[in-house]
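Trainee: I am new to this model. Please take one part of it, the strands, and give me a close look at how they pair and what packs on them.

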Amino acid sequence: MLETNERELILAFETSCDETSVAVVENGNRILSNFVATQIKSHQRFGGVVPEVASRHHIEEITIGIQKALIEAQVTPAELTAVAVTYGPGLVGSLLIGVTAAKTFAFAHELPLIPVNHMAGHIYAARYVEPLVFPLLALLVSGGHTQIVYMKAANEFEIIGDTRDDAAGEAYDKVGRVLGIAYPAGKELDRLAHLGQDTFKFPRAMIHEANYDFSFSGLKSAFINTVHNADQRGETLNRENLAASFQASVVDVLVGKVIAAVQRYPVQQLVLAGGVAANHGLREALSEQLPKVVPNTRLVAAPLALCGDNAAMVGAAAHVALAQGVRADMTLNADPSLEFPWAAGVEA
């Protein structure tokens with residue numbers, strides 16, 4: 001453990017998908033720098049992330065990111081306490097770039113290497129809002145994941161609910177493609193949804209089932225079929241109402257499931273994190289409904305700027321891991337299928 005007057009500085013790497021990010025984080029809750037190079041424009045013409053293209057961009061940006069992060073933070077390698085890196089889950093080629101860079105930097109400067117689960121990083125992004133109080137529940141809604149995670153204590157994660165097919169973020173992108181919205185579609189669909197009404201009443205899959213799992217494949221299919229059937233009849237449907245109806249279904253299911261989980265697992269905090277956590281409709285619904293049903297549970301939403309993939313969140317998670325003595329050696333490898341364990345008694 002660090003003495004209270006000692007300055008802890010972690011150089012963190014995040015390259016799990018299509019953002020190259022390097023950050024310097026002080027004492028786990030202060031961002032000194034957070035370099036993020038996005039690849040959205042490179043992937044838009046394909047309608048989604050192309051792994052090989054993503055890997056090549058990471059190679060081009062990673063050393064630039066290290067230099068810029070250190071310069072902005074006004075920190076030298078000699079002042080660093082440790083190096084942290086996302087090693088999974090994610091695209092294997094992308095992960096390997098970050099893992100290799102972090103291992104190389106740690107070896108060259110004789111620094112401890114801290115492995116971080118990408119999803120843990122999303123949860124710990126909420127530390128920049130307020131200290132986390134355990135036990136807590138986290139609703140993780142990112143591109144490929146929709147999960148409810150129970151944390152009994154710091155750095156202890158148990159899944160109590162997961163998506164059985166398309167995650168919410170994947171459904172947004174697939175629906176957006178049907179409406180001609182460029183990848184990533186979430187932000188524009190959210191904007192359109194606030195201009196329309198839930199007139200189509202799409203299904204709320206699994207909302208009444210006695211579990212905390214999710215399914216958005218049926219909603220996606222219902223949306224696509226509605227649009228295609230209208231096209232075949234020569235009808236033009238209202239885009240704002242389509243977006244509003246789709247988002248209302250997603251939000252109703254997410255909010256309904258996680259509030260049921262909070263009622264079953266009493267906690268002081270519900271953390272909202274991941275890329276889709278930036279969705280204003282979801283934030284508004286949770287902010288309104290959570291106090292009514294479970295007034296003793298406080299919503300802690302990750303900062304909007306830290307909902308997407310970034311290295312600052314990795315640094316926040318690494319701060320906790322460092323204090324617990326978590327270390328990796330030079331054999332650390334990418335683990336694209338890395339997962340939290342399931343809670344005991346909950347069927348995976």
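Mentor: What follows describes one sheet, then a group of parallel strands, and ends with one residue in a strand. The model is predicted: local features need pLDDT of at least 70, side-chain atom pairs count only at pLDDT 80 or more, and totals for chains, interfaces and linings use all residues. Residues are numbered from 1 along each chain as its sequence is written, and side-chain values use heavy atoms, with hydrogens and water left out.

An open sheet is formed by five strands in the order β8-β7-β6-β9-β10, with mixed pairing. Here strands (E, at least two residues) and helices (H or I, at least four) are DSSP runs numbered from the N terminus, and two strands pair if DSSP finds at least two bridges between them. The edges are held by β8 (158–162) and β10 (298–301); each has a single partner strand, so one side of each lacks a neighbour in the sheet. From one strand to the next, the twist averages 20°. Within this sheet, β6 (residues 136–141) and β7 (residues 146–151) are antiparallel and share six bridges. L137 has Y150 in β7 as its bridge partner. Helix α9 (residues 280–293) packs on the sheet and touches β6, β9 (269–273) and β10, where contact means heavy atoms within 4.5 Å. The direction of α9 makes about 165° with that of β10; axes are lines fitted to C-alpha atoms, for helices over the stretch in contact, and angles run from 0 to 180 degrees between N-to-C directions.

The parallel pairs involve β4 (residues 82–88), in which seven of seven residues are buried, meaning under 20% relative accessible area (1.4 Å probe, protein chains only). β1 (residues 9–14) runs parallel to β4 and is joined to it by four bridges; I10 is partnered there by A82. β4 also pairs with β5 (residues 113–117) in the parallel sense, over five bridges, and A84 is partnered by I114. Helix α3 (residues 92–108) completes a right-handed β-α-β unit with β4 and β5: with the strands pointing away from the viewer, the path from the first strand over the helix to the second runs clockwise.

The last item is S33, in β3 (residues 30–38). S33 is buried, with a relative accessible area of 1%. A polar atom of its side chain lies 2.7 Å from the backbone oxygen of A69. Leaving aside residues up to four places away in sequence, S33 touches V22, A23, V24, A69, E72 and A73.

Technical notes. Buried means under 20% relative accessible area, exposed over 50%, partly exposed in between (1.4 Å probe, protein chains only). A polar contact is a pair of N or O atoms within 3.5 Å; within protein, one must be able to donate a hydrogen and the other to accept it, and residues adjacent in sequence count only if both atoms are side-chain atoms.
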